[in-house]
Amino acid sequence: MSIDIAKYPTLALVETPDDLRLLPKETLPKLCDELRQYLLNSVSRSSGHFASGLGTIELTVALHYVYQTPFDNLIWDVGHQAYPHKILTGRRDRIDTIRHKNGLHAFPWREESEYDVLSVGHSSTSISAGVGMAVAAARENRNRKTVCVIGDGAITAGMAFEAMNHGGDIKSDMLVILNDNEMSISENVGALNNHLAQLLSGKLYTTLREGGKKVFSGLPPIKDLLKKNGRTH
């Protein structure tokens, strides 16, 4: 499916994250709007699981904009969140082939792209894999970062907790992002899910979120701060 430049003028400029990082930061909201619409129009034809991906549009753009993928490791758990990631990493014109013969894989797949650092479907494997990658990156000593994006359903598994227990002891550069999107295949249950729901609906979370917006509204963008610290190339 070739992209309609008139309909998606900003997204048409982005074949890879290298292209994305050339865009002025003020164009990113428009890119997110176009990316969301493109995902809806393309994946709805292929019967893919695109609902969870709709909730990671801004997150995906931000991660690829700030981190130097594929040099930096970006791991998605579970893979349904990664459809916007596929669109921004050289597979935009084939995204409607998901679940078709000889089409794109429905999940991140190492043989498909250098941006897919872990072949993954379901679930809860990202943090343990990320720990290994972060330890290896530390020994490599090239300032390689590792980011794991894990869903609220996946984080309830024992493997994820064991990995967090291990990851808390290492000094490597690793970030874990909890995407609490309530998009599990079936309804989430248990004490952890209930606790997350209370946190997100509580006054403390709302106060911190709004306070954070006020604090950061007067600061330079994250990318500019990173540039000043020599992080970006």
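Is N102 buried or exposed? Keep that question for a later stop; the tour starts with the whole chain.

**Whole chain**

Load the model, which is predicted, and colour it by secondary structure. There are 10 helices and three strands. Read from the N terminus, their order is α-α-α-α-β-α-α-β-α-β-α-α-α. The chain has 233 residues, and 42% of them are buried. If you draw a contact map, consider the contacts between residues at least 6 apart in sequence: 70% of these join residues at least 24 apart.

**Helix α4**

Select residues 57–66, which form helix α4. Of its 10 residues, seven are buried, so the helix is largely enclosed by the rest of the structure. To display the buried set, pick I57, T60, V61, L63, H64, Y65 and V66.

**α4 against α5**

Add residues 83–91, helix α5. What two quantities describe a pair of packed helices? They are the angle between the axes and the distance between the axes. For α4 and α5, the axes come within 9 Å and cross at roughly 40 degrees. That angle makes α4 oblique to α5. The crossing of α4 past α5 is right-handed.

Now show side chains at the contact. From α4, take I57, T60, V61 and H64; from α5, take P84, H85, L88 and T89. The residues of this contact comprise four nonpolar and four polar, with no charged residue. A point to keep in mind while looking along either helix: an α-helix has 3.6 residues a turn, so residues three or four places apart point the same way.

**α2 against α5**

Keep α5 on screen and select residues 28–43, helix α2. Here the axes are 10 Å apart and the packing angle is about 105 degrees. The two helices, α2 and α5, are therefore roughly perpendicular to each other.

On the α2 side, the residues to show are L35, Y38, L39 and V43; on the α5 side they are Y83, P84, I87 and L88. The contact of α2 with α5 has eight nonpolar residues, with no polar and no charged ones. P84 and L88 of α5 were also listed at the contact with α4.

**The aromatic pair**

Stay on Y38 and add Y8. How many aromatic pairs are counted? The count is one. In it, the ring centres of Y8 and Y38 are 5.2 Å apart and the ring planes stand at 90 degrees, so the pair is edge-to-face. The partners come from distant parts of the chain, 30 residues apart: Y8 lies in the segment before α1 (17–20), and Y38 lies in helix α2. Y8 is buried at 4% relative accessibility, and Y38 is buried as well, with a relative accessible area of 0%.

**Two cis peptide bonds**

Next, check the backbone torsions. Most residues other than glycine have a negative phi, and most peptide bonds are trans. The following stops depart from one or the other of these habits.

Select T69 and P70: a cis peptide bond joins them, with omega about 5 degrees. P70 sits in the loop between α4 and β1 (73–77). Then move to D77 and V78, also joined by a cis peptide bond, with omega about 0 degrees. V78 is in the loop between β1 and α5.

**Two positive phi values**

Select N102, in the loop between α5 and α6. Its phi is positive, near 65 degrees, and the residue is not a glycine. This stop also settles the opening question: N102 is exposed, with a relative accessible area of 67%.

Go on to N143, in the loop between α6 and β2 (146–151). N143 is not a glycine either, and has a positive phi of about 65 degrees. At 44% relative accessibility, N143 counts as partly exposed.

**R110**

For the last stop, return to the loop between α5 and α6 (126–140) and select R110. R110 is exposed, its relative accessible area being 58%. Leaving aside residues up to four places away in sequence, R110 touches D116, V117, L118 and S119. Add V120 and draw a distance between C-alpha atoms: R110 and V120 are 10 residues apart along the chain, and their C-alpha atoms are separated by 9.0 Å.

Technical notes:
Residues numbered from 1 in each chain as written. Predicted model: local features only at pLDDT ≥ 70, side-chain atom pairs only at ≥ 80, totals over all residues. Heavy atoms only, no water. Axes fitted to C-alpha atoms, helices over the stretch in contact; angles between N-to-C directions. Helix = DSSP H or I, 4+ residues; strand = E, 2+ residues; numbered from the N terminus. Parallel < 35°, antiparallel > 145°, perpendicular 65-115°, else oblique. Left-handed = near helix turned anticlockwise from the far one by under 90°. Contact = heavy atoms within 4.5 Å. Nonpolar A, V, L, I, M, F, W, Y, C, P; charged D, E, K, R; others polar. Phe/Tyr/Trp six-rings, centres within 6.5 Å; stacked < 30°, edge-to-face > 60°. Buried < 20%, exposed > 50% of the residue type's maximum accessible area, 1.4 Å probe, protein only.
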